Amino acid sequence: MPSRQNVLKAFPPSAVIILIAITLLLSIAQSAFAAEGQKASHPSEGLFLVQIILLVVSGRLLGELMVRIGQPSIMGQIIAGIILGPSLFGLIFPHARASLFPSDGAQKSMTDAIGQLGILFLLLLAGMETDLGLAKRLRKSAAGVSLTGIVIPFAAGFALGELIPDALLPDPQKRLVTSLFLGTALSISSVKIVASVVREMDFMRRNIGQLIVASAIIDDTIGWVIIAITFGLAEKGTVDLTTLATSVIGTLAFMAVSFTVGRRAVFEIIRWTNDNFRSDLPVLSAIIAIMGTMAIITNFIGVHTVLGAFVAGILVGESPILTRQIDVQLRALTTALFMPVFFGLTGLQTDLTVLADPSILLLTAAVVVIASVGKFGGAFAAARFGGYSASEALALGCGMNARGSTEVIVATIGLSVGVLDEKLFSVIVAMAVITTMAMPPTLRWALARLPLREEERNRLEREQFERESFLGNFERILLAVDGSQSSRLATWIAAFFAVTRKMPVTVMDARGADETPDTPGAMGALHPASHAKAIAEDLRQYATDLLASAPPEQNLAGEGDIHVTIREKSDKLETVLEDVSDTGHDLLLAGIEPSLGDDGRFGPSLQVMTSAFQGTPAIITARGPLPKHPGDLRILLPVSGTERSIRAAEFGLAIAKAANAHCALLLIVEPPRASAIPRISDRGNDHQDILNKVGAIADYYGVQIEKVVQQGPSPELSILRHARSGGYNLIVLGVSKRASGSLSYGSVADTVLQTADRSCIFIETDLASSSQAIRE
């Protein structure tokens with residue numbers, strides 16, 4: 001927690017003065033808009049812009065202040081709205097406040113429309129941040145914590161709603177629905193707030209941190225289903241069994257279709273839009289359309305649109321391509337506009353002056369106590385019953401006691417449908433603010449008391465490796481084929497990565513429409529489109545066979561749904577590859593022949609491909625008979641101690657893991673003289689350090705490797721000699737492009753290409769050449 005002096009230095013008091021000055025200045029300016037609005041029969045666009053600018057600027061300033069004192073930024077946005085509303089600004093300057101934010105329905109509907117759209121974008125973003133894989137891994141513990149933490153405060157909140165005097169209810173005839181809203185508002189944690197604090201504390205990958213976030217995810221998911229159904233009841237005012245059954249059945253059917261057919265449909269829409277549109281930000285438009293369509297569907301079946309937006313966000317977040325770019329674009333729009341406007345409007349509708357009424361103040365205190373004790377107690381008890389220590393259960397209870405954006409949205413919905421009035425709305429918002437601001441310091445205190453377990457340390461090390469790994473930089477594969485034996489081997493490699501790393505694959509016939517393969521393969525001289533389809537079918541079959549033959553310890557069950565698409569070569573090869581590079585493809589597997597050109601270097605087609613493709617190319621050349629099964633591969637990994645060769649070793653080890661193939665590491669040590677490849681002394685590593693580094697990568701992939709150290713003046717001869725003597729049928733070599741008139745990766749790679757009688761993979765491992773750009 002930063003000191004008070006540092007906070008004031010980083011965010012000077014003058015910022016608050018500036019905020020007040022802006023408010024007064026805009027209030028004065030609003031006089032003209034008010035006079036104009038009295039003469040006109042339509043709402044003022046100028047006033048609308050003033051309101052939006054004020055909410056965005058004040059929300060940003062106070063949100064920045066909250067972040068600097070260790071609080072979520074949305075608290076600053078809500079507080080900005082409270083300051084500008086009847087609680088402070090309206091209390092001191094009632095006429096200025098009424099002029100700036102008039103109650104006229106037509107004028108108010110303009111900002112309300114932005115706020116309602118903001119709810120959908122907030123839920124879309126929340127869904128994208130939902131890690132279903134995490135919830136699945138911890139489903140037993142997380143479900144117990146979540147359900148216990150929901151049931152207890154929900155029951156208490158519902159009971160409170162049933163006991164509230166009629167005078168405090170907006171409509172006593174709708175007491176049941178009001179009680180349901182109260183129970184929901186008290187029982188759900190805000191996954192956004194919880195995840196942000198856990199991430200800030202660097203506990204996101206700790207066991208207890210994952211359990212807290214997974215429980216909050218289940219909380220949110222269950223909560224939005226409850227809210228959606230409750231909203232349907234709110235429209236009727238009473239419990240109608242037919243309406244309730246329709247809402248429940250419709251919700252279950254919607255969820256079932258969304259997470260089966262819908263998941264694939266959303267990915268295909270994103271992929272097709274990204275690959276075919278040439279205008280700016282096409283994927284963002286597609287996602288907005290997906291969100292709107294799913295929100296309309298949930299509205300049609302009688303539940304709230306927020307459920308459709310939330311589920312759409314989950315499906316978009318699970319897209320295997322472009323997730324990082326999509327998240328950045330949507331987060332920018334939502335954070336800059338919709339969040340400060342929506343939460344600012346929430347604050348504007350909150351009247352804390354009602355707390356001057358002893359009965360309302362007592363009700364607020366009761367709501368805060370019930371929400372905090374119920375949530376903390378339920379989560380704590382579930383954790384203890386689940387075998388967690390008292391310290392872990394304490395951290396879990398503290399972490400789940402945060403409402404924030406979720407409760408604000410619930411309260412806003414309740415107010416809009418008339419089951420909450422201004423008093424109850426203000427009570428719920430006050431509860432959300434209090435519990436949310438109390439959560440970060442208490443959770444930090446609880447997490448600081450937790451020791452790191454040994455199994456946690458090992459898991460964190462594995463996850464750290466994955467984040468820093470060479471293969472972790474890639475999202476999408478382009479498989480370039482021509483019907484040769486090299487195409488078949490490249491298709492194997494693509495299937496390995498599609499299954500084990502869930503990387504989508506695009507198949508492209510690299511020949512022209514009037515060309516036939518130089519090296520005849522199983523496909524013969526098929527038309528490029530037919531040939532690409534045949535390769536795609538082979539790829540799917542290889543993936544199926546791989547899953548069927550994989551040993552249980554590889555844990556590949558259920559991962560056979562690979563994404564394969566076909567790209568036709570409708571233009572010159574270099575033009576197509578440049579275009580493909582702009583659609584998220586960042587790994588090229590080139591399996592074409594001839595690989596050897598007339599000058600003894602790589603062929604001209606490969607030169608064109610590696611120059612035009614903006615990502616990382618891997619040239620795959622098949623020599624000699626290919627084994628009948630991937631498991632019969634014997635892989636040799638030559639390394640020289642450079643980062644380039646170690647990255648290539650990781651590439652080979654990933655293949656060995658997927659194919660369950662034998663693998664050997666050949667460390668080449670050159671004499672202390674001029675050499676064709678960099679020496680290990682360039683990085684100051686000794687032999688054992690290199691062996692240990694590659695050994696650690698092998699341990700991560702679970703691959704047993706042989707380790708051989710050879711010294712000699714000719715690395716290429718050492719590689720070929722060891723490959724022949726050991727019966728290795730695949731050599732994986734890390735290379736770097738050399739300045740030359742033709743494609744060359746240096747004398748070692750050129751010699752291996754010319755003389756090798758077994759298959760090779762030459763992979764450029766310079767990450768600077770990798771491109772994961774989405775068209776903007």
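In this predicted model, the count of salt bridges comes to 15. One of them joins the side chains of R263 and E318, with an N to O distance of 2.7 Å. This pair links distant parts of the chain. R263 belongs to helix 13, which covers residues 241–276. E318 sits in the loop between helix 15 (305–317) and helix 16 (323–349). The two residues are 55 apart in sequence. R263 is partly exposed, at 28% relative accessible area. E318 is partly exposed as well, at 30%.

Helix 13 also holds a salt bridge between D275 and R271. Here the N to O distance is 3.3 Å. The partners are separated by about one helical turn, because they lie four residues apart in helix 13. Both D275 and R271 are buried. The pair is part of a network of salt bridges that links R264, E268, R271, D275 and R476.

A further salt bridge involves E764 and K737, at 4.0 Å from N to O. It too links distant parts of the chain. E764 is placed in strand 10, which spans residues 759–764. K737 is in the loop between strand 9 (730–735) and helix 29 (747–755). The separation in sequence is 27 residues. E764 has a relative accessibility of 7%, so it counts as buried. K737, at 33%, is partly exposed. The side chain of E764 also makes a polar contact of 2.6 Å with the side chain of Y745.

Charged and nonpolar patches occur on the surface. K136, R139, K140 and K502 form a positive patch. R139 lies in helix 9, residues 139–163. This arginine is exposed, with a relative accessible area of 52%. K502 comes from the loop between helix 22 (485–500) and strand 2 (505–509). K502 is also exposed, and its relative accessible area is 52%.

A negative patch is made by D571, E574, E578 and D582. Within this group, E574 is found in helix 24, residues 573–581. At 33% relative accessibility, E574 is partly exposed. L88, L91, I92 and F93 make a nonpolar patch of about 380 Å². L91 belongs to helix 5, residues 89–92. Its relative accessible area is 57%, so L91 counts as exposed.

Several backbone features were also noted. Most residues other than glycine have a negative phi, and most peptide bonds are trans. K502, a member of the positive patch, has a positive phi of about 55° although it is not a glycine. N660 likewise has a positive phi of about 55° and is not a glycine. N660 is located in the loop between helix 26 (643–659) and strand 7 (662–669). The peptide bond from E593 to P594 is cis, with omega near 0°. P594 sits in the loop between strand 4 (587–591) and helix 25 (604–612).

One further pair brings together residues separated in sequence. S359 and L168 are 191 residues apart along the chain. In space, their C-alpha atoms are 9.1 Å apart. S359 lies in helix 17, residues 358–385. With 36% relative accessibility, S359 is partly exposed.

Terms used. Residues are numbered from 1 along each chain as its sequence is written. This is a predicted model: local features need pLDDT of at least 70, side-chain atom pairs count only at pLDDT 80 or more; totals for chains, interfaces and linings use all residues. Side-chain values use heavy atoms; hydrogens and water are left out. Patches are made of residues with over 30% relative accessible area and no salt bridge: like charges are joined within 9 Å, nonpolar side chains (Val, Leu, Ile, Met, Phe, Trp, Tyr) within 5 Å. Accessible areas come from the Shrake-Rupley method with a 1.4 Å probe; for residues, only the protein chains shown count as cover. Lys and Arg count as positive and Asp and Glu as negative; His and the chain ends are not counted. The place of a charge is taken as NZ of Lys, CZ of Arg, CG of Asp or CD of Glu. Buried means under 20% relative accessible area, exposed over 50%, partly exposed in between (1.4 Å probe, protein chains only). A polar contact is a pair of N or O atoms within 3.5 Å; within protein, one must be able to donate a hydrogen and the other to accept it, and residues adjacent in sequence count only if both atoms are side-chain atoms.
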